[in-house]
Protein chains: 2
Amino acid sequence: MSVEQLVADLCQEARQAARALAVAPSGVKDQALLTLADALEANAPAIQEVNAKDLAAGREEGMSAAFLDRLTLSDKVIASMAQGLREVASLPDPVGEVTGMWRRPNGLLVGRQRIPLGVIGFIYESRPNVTVDAAGLCLKSGNAVVLKGGKEAINSNLALAELISQALEANGLPGAAARLIPTTDRAATMALLKQDGLVDVIIPRGGEGLIRFVAENSSIPVLKHYKGVCHLYVDQGADLDMAVEIAVNAKCQRPGVCNALETMLVHADEAESFLPRAAEALMAQGTELRGCQRTLELVGAAVPATEEDWPTEYEDLILSVMVVDSMDQAMDHIARYGSQHTEAIVTRDYERGRRFINGVDSSLVLVNASTRFNDGSELGLGAEIGINTGKLHAFGPMGLTELTTTKFIAYGDGQVRR
Amino acid sequence: MSVEQLVADLCQEARQAARALAVAPSGVKDQALLTLADALEANAPAIQEVNAKDLAAGREEGMSAAFLDRLTLSDKVIASMAQGLREVASLPDPVGEVTGMWRRPNGLLVGRQRIPLGVIGFIYESRPNVTVDAAGLCLKSGNAVVLKGGKEAINSNLALAELISQALEANGLPGAAARLIPTTDRAATMALLKQDGLVDVIIPRGGEGLIRFVAENSSIPVLKHYKGVCHLYVDQGADLDMAVEIAVNAKCQRPGVCNALETMLVHADEAESFLPRAAEALMAQGTELRGCQRTLELVGAAVPATEEDWPTEYEDLILSVMVVDSMDQAMDHIARYGSQHTEAIVTRDYERGRRFINGVDSSLVLVNASTRFNDGSELGLGAEIGINTGKLHAFGPMGLTELTTTKFIAYGDGQVRR
């Protein structure tokens with residue numbers, strides 16, 4: 001069978017399975033999640049035996065230690081997958097919620113009812129635990145999922161996918177509701193991206209290369225983000241102790257992630273007192289500073305920033321710094337160079353705090369808090385499947401509710417249109 | 001200047017204008033809508049003089065009377081555009097609404113705030129009044145819009161677009177927030193479809209040909225529907241008087257629209273008493289019936305339906321009819337041949353009514369009411385810009401709220417992530 005046919009068949013089966021999953025009772029879905037959690041723990045040695053094959057192949061290919069670490073299904077990672085599933089099981093089921101209902105003048109009772117999206121195509125790279133995390137979120141939200149993992153984790157992914165289907169079937173749900181494409185060919189990804197009519201949405205997770213490939217080739221809507229060029233604006237009159245603490249946290253606590261700080265904009269009135277202190281604290285954590293001309297005058301250790309720095313996501317301990325004359329200049333800079341991901345202001349001013357919140361067009365805008373909070377768990381959505389920096393459907397982190405949509409429902413007693 | 005550059009420039013200006021529109025006070029936006037309504041009425045003779053050029057060209061090209069009728073900006077059509085704008089001005093502003101707010105354990109106050117989508121690319125065919133209707137909805141919802149109309153209405157559209165920009169500027173809003181692409185080249189549509197980064201969503205309105213062209217060529221998300229193959233299921237034990245009335249209304253009240261009935265599914269137990277009566281009432285309105293074998297046995301005047309009939313949107317006084325043995329068979333038929341647009345059941349049974357509502361995957365599912373109610377105004381959304389039969393973002397009719405999204409906002413007092 002060709003790769004194209006294989007993928008089309010999997011998607012057709014997933015579409016069929018989605019109908020059953022959409023009306024599955026919450027208790028049954030939760031029980032399947034718990035069954036899977038138990039199965040992961042019970043089968044840990046077998047999973048690790050298969051995982052060892054992927055690790056051996058990775059070593060042979062000369063993969064880095066960090067890469068091999070992400071690939072490893074240690075006892076801790078398996079325990080954390082199981083724990084994650086149990087947490088998802090404990091979250092409320094978004095499906096079936098009627099988000100509003102109103103009576104029309106003709107007596108028709110109209111409402112909106114939350115329903116699953118249908119079939120999700122989930123495309124990801126090396127970490128095999130993502131197989132279980134994504135399948136758990138899709139199952140809980142009543143969606144079927146077709147999983148396409150990276151070639152480095154194929155053996156591990158196949159073993160995990162088998163356990164997922166078994167857990168579904170043990171609870172009377174169709175195993176086809178969560179299947180892994182058993183080949184890691186790029187042709188398989190291409191085939192998945194063309195299944196409009198069977199797949200409702202594509203969610204890619206991985207590096208910018210993967211995401212651009214998916215976005216450019218998909219004829220199905222894609223929920224994605226390319227990068228996070230996050231800004232902190234230190235306002236005139238800000239609490240500078242707070243600003244230092246937030247800048248250090250946002251930049252240094254985990255510099256490789258999308259909600260880490262990349263550019264700091266400092267009001268000119270505070271630059272002289274703030275920048276040397278902030279620079280000292282940031283450099284103490286190993287951060288390289290790239291500054292505008294006025295920054296360079298105040299921070300001797302900074303190197304000059306070029307035009308290329310402002311739109312750059314470093315994913316590293318590097319921070320670009322610019323002195324601005326007003327909040328409007330800061331907001332213009334953000335509109336021009338930002339990625340609509342996460343921006344924060346440190347301020348004591350009521351009006352400017354409100355104006356920053358309203359005027360900045362990003363998926364999360366914060367006053368007096370670190371950009372690092374842009375995360376489904378931190379914001380209180382429960383688990384998240386990813387972040388969307390497109391405006392359509394869900395802007396920002398996507399939890400269970402964002403894996404659903406609403407349909408209109410109407411109860412009548414014979415109404416016809418006049 | 002090339003068409004591509006022209007379109008790119010318009011989109012760039014629209015993106016800039018969108019920032020101003022996103023924070024424009026409701027009163028200012030409403031006043032601009034009212035200014036435009038007055039201007040349309042005051043300039044009716046001038047508009048009609050320009051419209052006469054389009055009509056003359058249409059006559060020369062041998063366009064049908066129905067086509068010329070749709071193209072005509074009569075006094076009545078101008079009054080109705082103005083009235084529509086006044087109604088939109090009177091609707092609540094969706095922008096700025098905080099749809100929820102909650103406190104995290106660390107004291108961070110997190111919420112979701114409704115914001116415009118940004119820049120909308122709106123692509124439509126012949127009716128020039130759509131220029132005003134679409135611009136009004138986009139303005140009210142805080143979005144900039146780039147309009148691309150059909151070549152048959154270009155002179156009328158240019159005149160209307162000029163009045164729109166004047167009304168914006170008269171109220172201190174940027175005229176670039178609503179501009180018509182001044183050429184009707186297909187290259188202009190292609191160029192608009194490639195402005196990712198500047199345009200957030202494309203909404204096409206027109207025939208299936210236009211919509212498929214847009215969907216296949218856009219690198220920007222598209223909200224669209226191809227067709228409405230709507231079903232009515234007449235359940236075992238249904239009120240047959242009601243079923244006849246609903247069937248006739250759904251099929252015959254306006255057969256050319258997307259929420260008109262195309263297929264009727266009748267439970268076998270009711271077929272003998274229902275079908276001859278229903279056929280008589282439908283045929284009295286000029287409806288042709290195409291039936292399955294069992295239908296043909298009960299309705300002499302019906303012609304045989306072929307496999308091609310079941311997925312067909314006739315947009316005409318034709319109805320396909322099938323006798324089924326159970327509601328499950330009806331639901332399977334809908335899942336296979338339907339277009340996820342609108343389906344209705346006529347029933348007296350509590351459990352089956354609920355099961356139909358939950359199990360049918362369409363943008364509107366009705367119990368004991370006509371499919372013709374799938375319309376923004378009829379469902380109580382106020383005006384609508386279109387219907388989306390994709391699951392992403394908004395499933396079904398899209399009103400003002402569906403032209404917005406939400407961003408996360410967070411108020412802190414120095415929170416950092418641990």
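How many residues of chain B are in contact with chain A? In this predicted model, 55 residues of chain B are in contact with 55 residues of chain A. On the chain B side, the elements that give two or more residues to the surface touching chain A are the helices α1 (3–22), α10 (240–252), α14 (350–359) and α15 (376–379), together with the strands β13 (364–369) and β16 (404–415). Of these, β16(B) provides the largest share, with eleven residues. Sorted by class, the side of chain B that touches chain A comprises 26 nonpolar, 18 polar and eleven charged residues.

The strand β16(B) also takes part in pairing between the chains, since strand β13 of chain A (residues 364–369) pairs with β16(B) in the parallel sense over five bridges. Within this pairing, V367(A) has Y411(B) of β16(B) as its bridge partner.

Within chain A, helix α2 (residues 26–42) and helix α7 (residues 154–170) have axes that come within 8 Å and cross at roughly 135 degrees. Because this angle lies outside the ranges that count as roughly parallel, roughly antiparallel or roughly perpendicular, α2(A) and α7(A) are oblique to each other. The crossing in which α2(A) passes α7(A) is right-handed. The contact is made on the α2(A) side by A32(A), T35(A), L36(A), A39(A) and L40(A), and on the α7(A) side by L163(A), I164(A), Q166(A), A167(A), L168(A) and A170(A). By class, this contact of α2(A) with α7(A) has nine nonpolar and two polar residues, and no charged residues.

Note on methods:
Residues are numbered from 1 along each chain as its sequence is written. Chains are lettered from A and ligands numbered from 1 in the order in which they are written. This is a predicted model: local features need pLDDT of at least 70, side-chain atom pairs count only at pLDDT 80 or more; totals for chains, interfaces and linings use all residues. Axes are lines fitted to C-alpha atoms, for helices over the stretch in contact, and angles run from 0 to 180 degrees between N-to-C directions. Helices (H or I, at least four residues) and strands (E, at least two) are DSSP runs, numbered from the N terminus. Angles under 35 degrees count as roughly parallel, over 145 as roughly antiparallel, 65 to 115 as roughly perpendicular and the rest as oblique. A crossing is left-handed if the near helix is turned anticlockwise from the far one by less than a right angle, and right-handed if clockwise. Two residues are in contact if their C-beta atoms, placed from the backbone, lie within 7 Å. Ala, Val, Leu, Ile, Met, Phe, Trp, Tyr, Cys and Pro count as nonpolar, Asp, Glu, Lys and Arg as charged, and the others, Gly among them, as polar. Two strands pair if DSSP finds at least two bridges between them.
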